[in-house]
Amino acid sequence: MNILITGGASGLGEAITKKLAKDANNRIWFTFSKSRAKADLITTEFSNTVSIQCDFSNSLSIADLRENIKRFDPDVLINNAYNGEFLKSHFHKIAPEEFMDDFKNNIIPVIEITQEAISVFRKKKRGKIITVLTAALVNVPPIGSSVYIANKAYLEKLTKVWATENAKFNITSNAVSPSFMQTGLTSNMDERLVEQIKEGNPLKKILTVEEVADTVFYLVNASAQLNGINILLNAGTSLK
């Protein structure tokens with residue numbers, strides 16, 4: 001199986017890449033922006049992986065990746081990369097330009113990459129799109145996360161569109177929404193807040209990237225009957 005993972009060298013992306021690369025039948029292409037050292041370690045450990053430097057804030061870099069997607073001939077696209085911060089400031093203190101910049105650096109690249117992948121999938125009459133969202137779309141969003149949440153909410157709706165428009169081509173679009181994880185994206189959070197999140201979890205522990213990678217692994221191998229689903233990983237804290 002040919003798999004393309006964006007942001008696959010560090011944090012959650014690293015866990016997903018390693019989980020899928022353990023199957024020697026998988027051929028993994030993963031992008032990275034600044035984590036070259038970690039990318040090199042992965043490709044050294046797993047001979048079935050190929051790293052690609054791709055800066056989501058650089059249109060030429062995205063264009064180059066799009067051109068190569070045809071050559072990769074992917075069966076699965078995993079939209080994981082996020083080029084920005086989880087927490088910034090209160091909504092009313094954020095300049096509108098910051099919303100626009102983050103949208104350009106995160107949503108537009110995902111749109112372009114996914115469009116290219118869907119073109120490949122349609123010709124093959126099969127394919128899977130898996131998009132990493134966030135449980136904060138369902139739970140109470142953390143203060144200061146308005147830019148991040150807005151971007152993920154936009155992607156959430158797109159995952160539904162991709163599912164309905166491409167189902168007849170045997171193409172699925174599903175998502176996974178993890179609760180708080182300790183990764184580079186959340187490294188600027190106060191330790192006291194992290195402890196509060198831990199204590200508020202029914203399991204009294206923070207979700208791990210390995211647990212999320214297991215869920216992505218399941219979606220990669222799931223039946224095409226599973227389509228348009230968003231799997232929420234938050235220990236049942238938002239049950240209705």
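Me: Hi! Which strand does threonine 31 lie in?
Reply: Threonine 31 lies in strand S2, residues 27-32; strands here are DSSP runs of E with at least two residues, and helices are runs of H or I with at least four, numbered from the N terminus. This is a predicted model, where local features need pLDDT of at least 70, side-chain atom pairs count only at pLDDT 80 or more, and totals for chains, interfaces and linings use all residues. Residues are numbered from 1 along each chain as its sequence is written, and side-chain values use heavy atoms, leaving out hydrogens and water.

Me: Cool. Is threonine 31 buried or exposed?
Reply: Threonine 31 counts as buried because its relative accessibility is 1%. Buried means under 20% relative accessible area, exposed over 50%, and partly exposed in between, with a 1.4 Å probe and protein chains only.

Me: And what lies 2.8 Å from a polar atom of its side chain?
Reply: That's the backbone nitrogen of glycine 7.

Me: Switching to valine 50, where does that one lie?
Reply: Valine 50 lies in strand S3, residues 49-53. At 25% relative accessibility, valine 50 counts as partly exposed.

Me: Which residues is valine 50 in contact with, leaving aside neighbours within four places in sequence?
Reply: They are Arg27, Ile28, Trp29, Phe30 and Thr43, where contact means heavy atoms within 4.5 Å.

Me: New topic: which residues of H7 are buried?
Reply: Val209, Val212, Ala213, Thr215, Val216, Leu219 and Val220 are the buried ones. They sit on the same side of H7 because they cover an arc of only 160° around the axis, taken from the directions from the helix axis to the C-beta atoms.

Me: What do they pack against?
Reply: Their partners include helix H1 (11-21) and strand S5 (127-132).

Conventions:
Polar contact = N/O pair within 3.5 Å; in protein donor to acceptor, adjacent residues only side chain to side chain.
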